[in-house]
Amino acid sequence: MRVSALMLPTLREVPAEAEVISHKLLVRAGMIRKSAAGIYSYLPLGWRVMQKIAAIIREEMDRAGGQELLLPIVQPAELWLESGRWNVYGAELFRLKDRHQRDFCLGPTHEEIITDLVRREVSSYKQLPLLLYQIQSKFRDERRPRFGLMRGREFMMKDLYSFDRDEEGLKRSYQKMYDAYVNVFTRCGLTFRPVEADSGAIGGSATHEFMVLANSGEAEIVYCEECNYAANVERAKNMLAEKETEEFQSLELLYTPDVHTIEQLVDFVNLPAERLLKTLFYDADGKIICAVVRGDREVNEIKLQNLLGCLELKLASDDAIEQLTGSTPGFVGPIGLQGVSVYVDEEVVSVVNGVAGANKVDHHYLNVNYGRDFSATDIVDIRVVRAGDLCPRCGATLNSARGIEVGQIFQLGTKYSKALGANFVDEKGQEQPIVMGCYGIGVGRTMAAAVEQNHDEKGIIWPLAIAPFEVVVVPVSSKEEIQMELANKVYQELKQAGVDVVLDDRDERAGVKFSDADLIGYPYRITIGKKTVSEHTVDLKHRATGEEETISLDNVVEHVIRLVK
Ligand code: ATP
Ligand code: MG
């Protein structure tokens with residue numbers, strides 16, 4: 001390709017609305033343009049990156065036994081009513097009506113469509129297992145579309161669905177996908193971690209998220225360097241510290257005027273936050289419940305919601321709290337509560353002579369002890385784990401990092417096959433529900449994550465495997481005929497050798513071409529200048545390291561081929 005003929009509108013200015021670096025750089029490098037919130041066009045160079053990522057995904061899916069197909073984007077409401085998701089998916093589902101007023105949606109994911117296909121085409125165990133996938137636009141009317149390609153409303157996803165005879169088969173398919181995902185993200189040149197994740201409403205079954213490590217990531221993960229345990233904080237556990245052995249002191253009511261927060265209480269009683277009890281009330285689908293964690297902890301609302309199995313969980317209103325406790329939120333505690341389920345975090349059980357609200361305005365209790373002074377409906381794990389906690393597997397200290405979720409794999413089991421009646425007849429002639437898994441990768445989010453992880457103040461530093469072009473050949477002065485001729489020769493030879501190369505033949509100052517090359521992030525830049533003509537040498541710049549080598553013109557093609565292949 002010749003840059004003069006490319007649609008490559010690079011920008012000097014940073015787009016005002018872009019908050020994260022990948023959004024800024026992808027727009028500035030002329031790779032994407034916005035049409036509406038969360039809806040983008042991919043320009044030729046951006047689309048090349050998308051296609052390269054997609055090609056890697058395809059190879060790995062095929063290698064794992066996947067078969068590519070293409071499912072419709074427009075999906076009839078009937079299937080979503082059958083699975084039960086039409087009414088629970090909520091505002092994220094793009095819904096539409098056809099001219100006959102029939103309901104449809106734009107696919108945010110394809111469990112319904114593919115399960116419908118498979119229930120009609122598969123009837124015998126002999127047809128299983130099956131791994132079917134597609135790479136296609138998905139539609140989700142996200143509440144907060146942002147960060148460019150990171151959280152769009154229309155975005156590219158690879159989604160694969162596995163169909164097996166039994167749980168063991170599912171585990172095998174899951175492992176194949178896990179391995180394939182490791183290959184995909186490794187080949188894309190990313191630093192990532194598979195982490196245990198929350199399975200949410202589907203419940204129980206195993207699921208992993210693949211996190212690209214980056215400070216701009218929306219997710220927080222904890223991990224252990226000793227044993228490789230890694231989990232999304234939504235789901236992370238920790239090992240309990242040893243129980244204190246102090247003797248119980250007698251309960252004491254303390255006057256604590258205007259002490260509303262944990263911080264104020266720490267100062268007032270002069271005890272560490274670990275000795276305090278934090279008591280919160282939630283409204284779970286209309287029912288009020290109480291949750292107690294240690295004062296230095298946050299309640300993990302995802303764990304709590306999974307535990308309660310409710311659809312909606314929010315903090316209870318002050319009115320509801322007052323009605324139940326006779327006090328205001330700053331002074332509530334677990335002692336003497338009646339007519340409400342109390343979920344006590346495991347760590348609270350170990351607190352000896354703690355401090356808790358007294359359910360009386362301006363008062364707390366001192367020397368509160370679980371068992372003696374209050375009890376629990378259930379002792380549970382509802383705390384947010386953080387760096388410094390002990391690894392649940394080996395007891396070493398956990399670290400934390402931020403991550404971008406680029407993929408997630410999921411053991412679905414028979415949720416959809418049972419709802420839609422996707423059965424097969426086994427070897428004994430018995431009808432069984434097909435056991436399913438689903439596996440997604442965000443192609444655009446992977447591209448954005450690659451930029452988050454690989455850039456400097458000048459622009460993008462593409463990992464070689466997903467760079468829009470591997471090499472740019474830059475004649476310093478396009479007006480100098482000999483320079484252009486030599487540049488063209490190098491370009492042609494590289495192209496013939498199968499290298500992805502562009503020739504920056506624009507009539508621009510060298511500085512403009514160099515800064516564009518840095519912004520766009522080609523891994524290698526070959527500069528043809530005066531010295532090429534006089535001394536027969538070229539400069540080869542490595543974008544990632546900034547290293548510049550001077551190489552003889554005769555060797556450069558061979559040298560670059562070796563670097564690229
Ligand atoms: P998130 O929690 O970030 O909203 P999700 O868990 O809902 O994502 P999945 O349903 O697991 O997403 O989708 C599979 C993959 O699709 C994700 O791992 C992510 O890479 C990508 N993806 C999901 N939502 C978006 C989006 N709005 N924009 C871009 N990519 C997305
Ligand atoms: Mg996910």
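How many bridges join strand 18 and strand 19, and in which sense do the two strands pair? The notes below start there and then move through the rest of the model, which is predicted.

1. **Strands 18 and 19.** Three bridges link strand 18 to strand 19, which covers residues 363–368. The pairing is antiparallel. To find your place in this pair, look at Ala356: opposite it, in strand 19, stands Tyr365.

2. **The sheet they belong to.** Strands 18 and 19 sit in an open sheet of three strands, ordered 13-19-18. Pairing in this sheet is antiparallel. Strand 13 (252–255) and strand 18 (354–357) are the edge strands, and each pairs on one side only. On average, neighbouring strands here are turned by 30° against each other, with direction ignored.

3. **A second three-stranded sheet.** Another open sheet has the order 4-6-5, again with antiparallel pairing. Its edges are strand 4 (74–76) and strand 5 (94–97). Each of these has a single partner strand, so one side of each lacks a neighbour in the sheet. The twist from one strand to the next averages 35°.

4. **Inside that sheet.** Strand 4 and strand 6 run antiparallel and are joined by three bridges. Strand 6 spans residues 103–106. Pro76 has Phe104 of strand 6 as its bridge partner.

5. **Domains.** The protein is divided into three parts. Domain 1 is made of two segments, 47–218 and 400–449. Domain 2 runs over 252–380, and domain 3 over 469–564. Taken over C-alpha atoms, the centres of domain 1 and domain 2 are 40 Å apart.

6. **Who surrounds ligand 1?** Which residues come nearest to ligand 1? Of the 14 around it, they are Glu142, Arg151, Gly152, Glu405 and Val406. By class, the shell holds five nonpolar, four polar and five charged residues.

7. **Where the shell comes from.** Strand 8 (154–164) and strand 21 (399–413) each give at least two residues to the shell around ligand 1. Strand 21 supplies the largest share, four residues.

8. **Backbone contacts to ligand 1.** Check three backbone positions. A polar backbone atom of Val406 is 2.9 Å from an oxygen atom of ligand 1. For Gly442, a backbone N or O atom lies 3.1 Å from a ligand 1 oxygen. For Gly407, the corresponding distance is 3.4 Å, again from a backbone N or O atom to an oxygen atom of ligand 1. As for burial, ligand 1 taken alone exposes 580 Å², and the protein buries 80% of that.

9. **A cis peptide bond.** Is the bond from Leu128 to Pro129 cis or trans? It is cis, with omega near 0°. Pro129 is found in the loop between helix 4 (111–121) and strand 7 (130–139).

10. **A positive phi.** Asn228 is not a glycine, yet its phi is positive, at about 75°. Where is Asn228 found? It is in the loop between strand 11 (219–223) and strand 12 (230–232).

Methods. Residues are numbered from 1 along each chain as its sequence is written. Chains are lettered from A and ligands numbered from 1 in the order in which they are written. This is a predicted model: local features need pLDDT of at least 70, side-chain atom pairs count only at pLDDT 80 or more; totals for chains, interfaces and linings use all residues. Side-chain values use heavy atoms; hydrogens and water are left out. Two strands pair if DSSP finds at least two bridges between them. Axes are lines fitted to C-alpha atoms, for helices over the stretch in contact, and angles run from 0 to 180 degrees between N-to-C directions. A residue is near a molecule or strand if one of its heavy atoms lies within 4 Å of it. A polar contact is a pair of N or O atoms within 3.5 Å; within protein, one must be able to donate a hydrogen and the other to accept it, and residues adjacent in sequence count only if both atoms are side-chain atoms. Accessible areas come from the Shrake-Rupley method with a 1.4 Å probe; for residues, only the protein chains shown count as cover. Ala, Val, Leu, Ile, Met, Phe, Trp, Tyr, Cys and Pro count as nonpolar, Asp, Glu, Lys and Arg as charged, and the others, Gly among them, as polar. Domain bounds come from an automatic or database domain assignment.
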